[in-house]
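Visitor: Please take me through the ligand site of this model in detail. I should like to know what surrounds the ligand and what space it occupies.

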Amino acid sequence: MTEARKTKAAIRPANGRLAMTTPADLARIEAWEYAPAPEARDYLAIQPRYELFIGGRWRKPKSGRHFTTINPATEETIAEIAEADAADVDRAVGAARAAYDKYWRRCPPAHRAKYLFRIARAIAERSRELAVLESVDGGKPIKEARDFDVPLAAQHFFYYAGWADKLEWAFPNTRPRPLGVAAQIIPWNFPLLMAAWKIAPALACGNTVVLKPAETTPLTALRLAEIIEQADLPPGVVNIITGSGATGAALAGHRGVDKVAFTGSTEVGKEIARACAGTSKRLTLELGGKAANIVFDDAPLEQAVEGIVNGIFFNQGHVCCAGSRLLVQESVHDVVAELLHRRMQTLRVGDPLDKNTDVGAINSAAQLRKIEELAQSGDADGCTRFQTECDLPARGFWYRPTFFTGVSMSHRIAQEEIFGPVLSVLTFRTPDEAVEKANNTPYGLSAGVWTDKGSKNFKIASQLRAGVVWSNTFNKFDPSSPFGGYRESGFGREGGIHGLLPYIEARP
Ligand code: ADP
């Protein structure tokens, strides 16, 4: 047995009773330190400047303006990115419309599938390059980009390629027809994966696309544009334009768009809903969340703690379905808090390109400020803060994994989406109280239930107003499972057969 393993065994809880971790315990937990294992990035060809991908060609923005994208782990500039304005949006929508009328709506469905399969294969073949690029541009740990974002992006293209020529079977007796041009706006937390979630079903159903990635993480979407170019997709079927919120607003508001799909903040989602109101545009929104992870006293607690850690600390809590509220049954609160505290000390925070890193950099300085401000409100409300004691790199944007106990439903950290590695711990006594607290938020994107009893699990899950409920696990995704929200978390589903519906007209 290695020294590190012996150490772990020595700090396991005995008889469910635990004393608070002492400094000596924490010192022993540090025995898990690994030697650095950085992923190479020297083969990653990044151009100094990227233009707009419109009509199958790379075009300079009409304004001639560019902005920079930086590596949030080092604050180094990576590349200059074109800033599309309303005139560029107009060109992109025009290119998408021309491609729709000229090729794509007439393209036999099996041919559409062929293109999607090509894109899927190219993503799989270039997975290492895409994972490194995602990590460098967004700050997420390489193991997350490598094992989650990129494979799942390829799987989405594979999955929807399979549906392209089977829409009549998916929706029998409805003569499914494409809508036309889809405007798609995505956030910075899963840049390539969100692009795949948006583009794959739209193309499978016969629509053309104008996609705008987030301003802080445009590089993998632009690399996807290169892949699409190499896959020989007819020009204009997919257009990728970069820019800020103003570019997104011009795109969502463009009269030539038939469908708007947005993933991002609830605030911007509401603006887009207002812009689309009174038009014939179809709209789907995937917005914020404040998921409850409910842990009953009969749950396998160590397993639940792994799920809690996975739900909020991996990927820096930059997940709209992050389990940012832990609802724990009062009788096991102290044990769970203690187990969580110990597990958190073993999280490795730092260089996102290191294969052992669990928690990477916060995506931007602005996001870090939001996290700090909301966490400070937890202190001001009298909650008790637990934070890992790890060293942080001198440059870049970092936040130590944190949890607060003594949180009540009225506190801001229990109500507002924090989008960072900060967990609010609340307690409940009865299953009804757990459900009431879990549902007491304007959001309804996801939730988790941890209990040993199958019937209890099903009963609680059926009472939760959340688009996805994970049972004895958290943050599991599959292209065949629909994902989406209730209430202020948005409407419409992505993934699965449900993910086709927002992109077709299906009437008898
Ligand atoms: P976050 O707060 O997570 O950064 P946002 O909702 O601000 O999320 O951004 C998500 C995406 O929406 C980004 O691509 C951003 O550029 C875009 N965006 C921001 N403001 C607007 C807007 N008013 N209209 C359309 N898109 C917008």
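Guide: The account below turns from the ligand and its contacts to the pocket and then to the enclosed space elsewhere. The model is predicted, with local features requiring pLDDT of at least 70 and side-chain atom pairs counted only at pLDDT 80 or more, while totals for chains, interfaces and linings use all residues. Residues are numbered from 1 along each chain as its sequence is written, and side-chain values use heavy atoms, with hydrogens and water left out.

Around the ligand stand 19 residues, of which Ile186, Trp188, Lys212, Glu215 and Ser265 come nearest; a residue counts as near if one of its heavy atoms lies within 4 Å of the molecule. This shell comprises nine nonpolar, six polar and four charged residues. In that classification Ala, Val, Leu, Ile, Met, Phe, Trp, Tyr, Cys and Pro are nonpolar, Asp, Glu, Lys and Arg are charged, and the others, Gly among them, are polar. At least two shell residues are supplied by each of α10 (245–252), β10 (259–263) and α11 (266–276); helices (H or I, at least four residues) and strands (E, at least two) are DSSP runs, numbered from the N terminus.

Oxygen atoms of the ligand take part in two of the pairs: a polar side-chain atom of Trp188 lies 2.9 Å from one, and an N or O atom in the side chain of Lys212 is 2.9 Å from one. On the nitrogen side, a polar side-chain atom of Glu271 lies 3.0 Å from a ligand nitrogen atom. Of the 550 Å² that the ligand exposes when taken alone, the protein buries 84% (Shrake-Rupley method, 1.4 Å probe).

The ligand takes up the space of the largest pocket, the criterion being that more than half of its atoms lie within 2 Å of the grid points. A pocket is an open set of points on a 1 Å grid over the protein atoms alone, with protein on both sides within 12 Å along at least five of seven lines, and lining residues have an atom within 4 Å of a point. The largest pocket holds about 1200 Å³ of space. Its lining has 44 residues, and Gly264, Ser265, Glu267, Val268 and Lys370 are the closest to its centre. By class, the lining divides into 20 nonpolar, 13 polar and eleven charged residues. α11 gives the largest share of this lining, six residues.

Elsewhere, the whole structure has six cavities of 30 Å³ or more, a cavity being a set of points where a 1.4 Å probe fits but cannot get out.

Technical notes: A polar contact is a pair of N or O atoms within 3.5 Å; within protein, one must be able to donate a hydrogen and the other to accept it, and residues adjacent in sequence count only if both atoms are side-chain atoms. Grid points are joined across faces, edges and corners, and a volume is the space filled by probe spheres set on the points.
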